[in-house]
Amino acid sequence: TTVLDLPFLPNGFGLTADHTLVFGDALGRKVYRWSGDTLQLAADLSHLTTFCLSDGIVDSKGRFYVGDIGYNFFDPANQPVDTCVIVKVAPDGSAVVVADQLKFPNGMVITPDGKTLIVAECMAHRLTAFDINDVGELSQRRVWAQFAADVHPDGICLDAEGAVWVANPEGKDKVFRVLKGGHITHRVAVSTDAFAVMLG
(Lines give C-alpha, C1' and ligand atoms only; values in the text may rest on other atoms or scores of the structure.)
Protein backbone atom coordinates (compact mmCIF):
# COMPACT_ATOMS: atom_id res chain seq x y z
CA THR A 1 0.00 0.00 0.00
CA THR A 2 1.35 3.42 -0.95
CA VAL A 3 0.86 5.77 2.00
CA LEU A 4 2.80 8.80 0.75
CA ASP A 5 3.99 9.99 -2.67
CA LEU A 6 7.08 12.19 -2.59
CA PRO A 7 8.49 14.62 -5.17
CA PHE A 8 12.04 13.65 -4.22
CA LEU A 9 14.26 10.60 -3.63
CA PRO A 10 13.97 9.59 0.05
CA ASN A 11 16.80 7.97 1.97
CA GLY A 12 17.72 7.38 5.58
CA PHE A 13 14.75 7.11 7.91
CA GLY A 14 13.68 6.26 11.43
CA LEU A 15 10.63 6.23 13.69
CA THR A 16 10.20 8.37 16.79
CA ALA A 17 8.50 7.13 19.96
CA ASP A 18 5.23 8.72 18.83
CA HIS A 19 5.46 6.90 15.47
CA THR A 20 6.45 9.94 13.43
CA LEU A 21 8.53 8.98 10.41
CA VAL A 22 11.72 11.02 9.99
CA PHE A 23 13.57 10.75 6.67
CA GLY A 24 15.83 12.57 4.27
CA ASP A 25 15.41 14.11 0.84
CA ALA A 26 18.63 12.53 -0.42
CA LEU A 27 19.70 14.93 -3.16
CA GLY A 28 17.97 18.00 -1.68
CA ARG A 29 19.75 17.26 1.62
CA LYS A 30 16.74 18.12 3.76
CA VAL A 31 15.02 16.21 6.55
CA TYR A 32 11.25 15.78 6.79
CA ARG A 33 8.80 14.48 9.36
CA TRP A 34 5.57 12.70 8.51
CA SER A 35 3.06 11.99 11.25
CA GLY A 36 0.65 10.05 9.06
CA ASP A 37 -1.21 13.02 7.65
CA THR A 38 1.19 15.99 7.42
CA LEU A 39 4.58 16.23 5.69
CA GLN A 40 6.72 18.82 7.45
CA LEU A 41 10.21 20.14 6.73
CA ALA A 42 12.32 19.52 9.83
CA ALA A 43 15.76 20.75 8.78
CA ASP A 44 17.78 21.92 5.79
CA LEU A 45 21.20 20.25 5.86
CA SER A 46 22.50 21.60 2.55
CA HIS A 47 25.01 23.88 4.31
CA LEU A 48 26.39 20.98 6.39
CA THR A 49 26.55 18.22 3.77
CA THR A 50 27.75 17.55 0.22
CA PHE A 51 25.80 16.01 -2.68
CA CYS A 52 23.61 13.37 -1.03
CA LEU A 53 22.25 12.14 2.30
CA SER A 54 22.76 8.48 3.14
CA ASP A 55 21.24 6.22 5.80
CA GLY A 56 19.99 7.54 9.13
CA ILE A 57 18.55 6.47 12.47
CA VAL A 58 16.39 7.98 15.22
CA ASP A 59 17.41 7.49 18.85
CA SER A 60 15.13 7.12 21.87
CA LYS A 61 15.19 10.90 22.43
CA GLY A 62 13.95 11.66 18.93
CA ARG A 63 17.31 12.80 17.56
CA PHE A 64 17.93 11.88 13.93
CA TYR A 65 21.47 10.95 12.86
CA VAL A 66 22.11 10.94 9.11
CA GLY A 67 25.20 10.40 6.99
CA ASP A 68 26.51 12.46 4.08
CA ILE A 69 27.87 10.64 1.00
CA GLY A 70 30.03 13.61 0.09
CA TYR A 71 30.60 13.10 -3.64
CA ASN A 72 28.68 12.26 -6.80
CA PHE A 73 28.78 8.49 -6.56
CA PHE A 74 26.49 8.19 -9.61
CA ASP A 75 29.46 9.20 -11.77
CA PRO A 76 31.99 6.33 -11.94
CA ALA A 77 34.75 8.82 -12.76
CA ASN A 78 34.49 10.29 -9.27
CA GLN A 79 36.40 8.70 -6.41
CA PRO A 80 35.10 8.37 -2.83
CA VAL A 81 36.15 11.05 -0.38
CA ASP A 82 37.07 10.78 3.29
CA THR A 83 35.48 14.09 4.27
CA CYS A 84 31.95 12.81 4.84
CA VAL A 85 30.03 13.68 8.00
CA ILE A 86 27.24 12.54 10.30
CA VAL A 87 24.72 15.24 11.17
CA LYS A 88 22.48 15.19 14.24
CA VAL A 89 19.03 16.75 13.82
CA ALA A 90 17.35 17.52 17.15
CA PRO A 91 13.56 17.30 17.59
CA ASP A 92 13.38 21.11 17.36
CA GLY A 93 15.04 21.01 13.91
CA SER A 94 18.44 22.33 14.96
CA ALA A 95 21.27 20.51 13.20
CA VAL A 96 24.98 20.10 13.85
CA VAL A 97 27.82 17.94 12.52
CA VAL A 98 28.72 15.36 15.18
CA ALA A 99 31.32 13.31 13.25
CA ASP A 100 33.58 14.05 10.28
CA GLN A 101 36.36 12.54 8.16
CA LEU A 102 34.23 9.49 7.35
CA LYS A 103 34.36 7.52 4.11
CA PHE A 104 30.79 6.99 2.80
CA PRO A 105 28.86 6.55 6.08
CA ASN A 106 25.99 4.19 5.42
CA GLY A 107 23.83 2.06 7.74
CA MET A 108 23.69 2.94 11.44
CA VAL A 109 22.61 1.23 14.66
CA ILE A 110 22.37 2.46 18.25
CA THR A 111 22.84 0.04 21.14
CA PRO A 112 19.82 -0.51 23.42
CA ASP A 113 21.37 1.53 26.24
CA GLY A 114 21.59 4.50 23.86
CA LYS A 115 25.29 4.98 24.55
CA THR A 116 26.94 3.72 21.35
CA LEU A 117 26.35 4.48 17.67
CA ILE A 118 27.86 2.14 15.07
CA VAL A 119 28.08 3.25 11.44
CA ALA A 120 29.03 1.29 8.33
CA GLU A 121 31.80 3.12 6.47
CA CYS A 122 31.14 1.60 3.08
CA MET A 123 34.29 2.68 1.23
CA ALA A 124 36.57 2.17 4.25
CA HIS A 125 35.45 -1.48 4.59
CA ARG A 126 34.66 -1.17 8.29
CA LEU A 127 32.18 -0.56 11.07
CA THR A 128 33.05 2.45 13.22
CA ALA A 129 31.72 3.10 16.73
CA PHE A 130 31.18 6.30 18.72
CA ASP A 131 30.11 7.02 22.28
CA ILE A 132 26.91 9.08 22.56
CA ASN A 133 26.69 11.56 25.43
CA ASP A 134 23.55 12.94 27.08
CA VAL A 135 23.10 15.72 24.51
CA GLY A 136 23.70 13.43 21.55
CA GLU A 137 27.28 14.36 20.72
CA LEU A 138 29.57 11.63 19.37
CA SER A 139 33.08 10.97 20.70
CA GLN A 140 35.70 8.25 21.21
CA ARG A 141 35.74 7.18 17.57
CA ARG A 142 37.08 3.64 17.14
CA VAL A 143 37.03 0.76 14.67
CA TRP A 144 34.36 -1.76 15.72
CA ALA A 145 35.17 -4.24 12.93
CA GLN A 146 37.57 -4.02 9.98
CA PHE A 147 36.84 -6.04 6.84
CA ALA A 148 38.65 -7.13 3.69
CA ALA A 149 38.67 -4.89 0.63
CA ASP A 150 35.81 -6.82 -1.01
CA VAL A 151 33.40 -5.87 1.79
CA HIS A 152 31.43 -2.66 1.33
CA PRO A 153 29.02 -2.56 4.29
CA ASP A 154 25.71 -0.93 3.43
CA GLY A 155 22.64 -1.40 5.62
CA ILE A 156 23.19 -2.90 9.07
CA CYS A 157 21.12 -3.98 12.06
CA LEU A 158 21.86 -5.06 15.61
CA ASP A 159 20.70 -8.35 17.10
CA ALA A 160 19.79 -9.19 20.71
CA GLU A 161 23.29 -10.47 21.46
CA GLY A 162 25.01 -7.26 20.31
CA ALA A 163 26.26 -8.62 16.99
CA VAL A 164 25.81 -6.64 13.77
CA TRP A 165 24.19 -8.08 10.64
CA VAL A 166 25.67 -6.50 7.51
CA ALA A 167 24.35 -6.17 3.97
CA ASN A 168 27.30 -6.33 1.56
CA PRO A 169 26.07 -5.73 -2.01
CA GLU A 170 29.51 -5.86 -3.66
CA GLY A 171 31.10 -8.85 -1.93
CA LYS A 172 30.82 -12.64 -2.04
CA ASP A 173 29.00 -12.81 1.30
CA LYS A 174 25.91 -10.74 0.58
CA VAL A 175 24.77 -10.85 4.22
CA PHE A 176 26.83 -11.75 7.26
CA ARG A 177 26.84 -11.47 11.06
CA VAL A 178 29.89 -10.04 12.79
CA LEU A 179 31.01 -9.62 16.39
CA LYS A 180 32.91 -6.67 17.81
CA GLY A 181 36.50 -7.07 16.66
CA GLY A 182 35.58 -8.49 13.25
CA HIS A 183 34.88 -12.21 13.80
CA ILE A 184 32.20 -13.31 11.30
CA THR A 185 29.88 -15.94 12.75
CA HIS A 186 27.30 -16.39 9.98
CA ARG A 187 27.34 -15.96 6.20
CA VAL A 188 24.14 -15.88 4.15
CA ALA A 189 24.03 -16.36 0.39
CA VAL A 190 21.22 -14.65 -1.49
CA SER A 191 20.48 -14.62 -5.21
CA THR A 192 20.46 -10.84 -5.53
CA ASP A 193 22.56 -7.96 -4.23
CA ALA A 194 21.74 -7.12 -0.60
CA PHE A 195 21.58 -3.45 0.35
CA ALA A 196 19.68 -3.58 3.64
CA VAL A 197 19.06 -6.08 6.42
CA MET A 198 16.49 -6.10 9.23
CA LEU A 199 15.50 -8.46 12.02
CA GLY A 200 11.88 -8.91 12.99
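1. In which strand is the place of R177? This is a predicted model, and in it R177 belongs to β15, the strand of residues 175-178. R177 has a relative accessibility of 8%, so it counts as buried, the cut-off being under 20%. Its C-alpha lies 9.5 Å from that of I156, and 21 residues separate R177 and I156 in sequence.

2. The first sheet to note is open and has four strands in the order β1-β2-β3-β4, with antiparallel pairing. Its edges are formed by β1 and by β4 (39-44), each of which pairs on one side only. On average, and with direction ignored, neighbouring strands of this sheet are turned by 25 degrees against each other. Within it, five bridges hold the antiparallel pair of β1 and β2, and D25 in β2 is the residue opposite P10.

3. Another open sheet of four strands follows the order β5-β6-β7-β8, and its pairing is antiparallel. Here the edge strands are β5 (residues 53-58) and β8 (residues 95-102), and each pairs on one side only. The average turn between neighbouring strands of this sheet, direction ignored, is 20 degrees. Strands of a sheet pair through backbone hydrogen bonds, in either a parallel or an antiparallel way.

4. The pairing around β6 can be followed residue by residue. On one side, β6 (residues 64-68) runs antiparallel to β5, with four bridges between them; the residue of β6 that stands opposite I57 is Y65. With β7 (residues 84-89), β6 also pairs in the antiparallel sense, over four bridges, and there the bridge partner of Y65 is K88. Y65 thus has I57 opposite it and K88 as its partner in β7. The hairpin of β5 and β6 has five residues between its strands, and G62 in this hairpin adopts a positive phi near 85 degrees.

5. Is β6 enclosed or open to the outside? Five of its five residues are buried, so β6 is largely enclosed by the rest of the structure. In a regular strand the side chains alternate between the two faces of the sheet. For β6, F64, V66 and D68 lie on one side, Y65 and G67 lie on the other, and both faces are covered. D68 is therefore a charged residue among the buried ones of this strand.

6. The largest pocket holds about 710 Å³ of space. It is lined by 31 residues, and those closest to its centre are F13, G14, G56, I57 and M198. Two or more lining residues come from each of β1 (10-15), β2 (21-25), β5, β9 (105-110) and β13 (156-158). The largest share is that of β1, with five residues. By class, the lining of this pocket comprises 20 nonpolar, eight polar and three charged residues. I57, already met opposite Y65, is one of the residues closest to the centre of this pocket.

7. What is the volume of the second largest pocket? The value is about 400 Å³. Its lining has 25 residues, and nearest its centre lie I69, F73, F104, N106 and D154. The elements that contribute two or more residues to this lining are β1 and β5, and β5 has the largest share, with three residues. The lining divides into 16 nonpolar, five polar and four charged residues. Both β1 and β5 also give two or more residues to the lining of the largest pocket.

8. A last point concerns H125, which is found in the loop between β10 (116-121) and β11 (126-132). H125 has a relative accessible area of 17%; this is under 20%, so the residue counts as buried. A polar atom of the H125 side chain lies 2.8 Å from the backbone oxygen of V151.

Notes:
Residues numbered from 1 in each chain as written. Predicted model: local features only at pLDDT ≥ 70, side-chain atom pairs only at ≥ 80, totals over all residues. Heavy atoms only, no water. Pairing = 2+ DSSP bridges. Axes fitted to C-alpha atoms, helices over the stretch in contact; angles between N-to-C directions. 1 Å grid on protein atoms, 1.4 Å probe; cavity = no way out; pocket = protein on both sides within 12 Å on 5 of 7 lines; lining within 4 Å. Points joined across faces, edges and corners; volume = space filled by probe spheres on them. Buried < 20%, exposed > 50% of the residue type's maximum accessible area, 1.4 Å probe, protein only. Polar contact = N/O pair within 3.5 Å; in protein donor to acceptor, adjacent residues only side chain to side chain.
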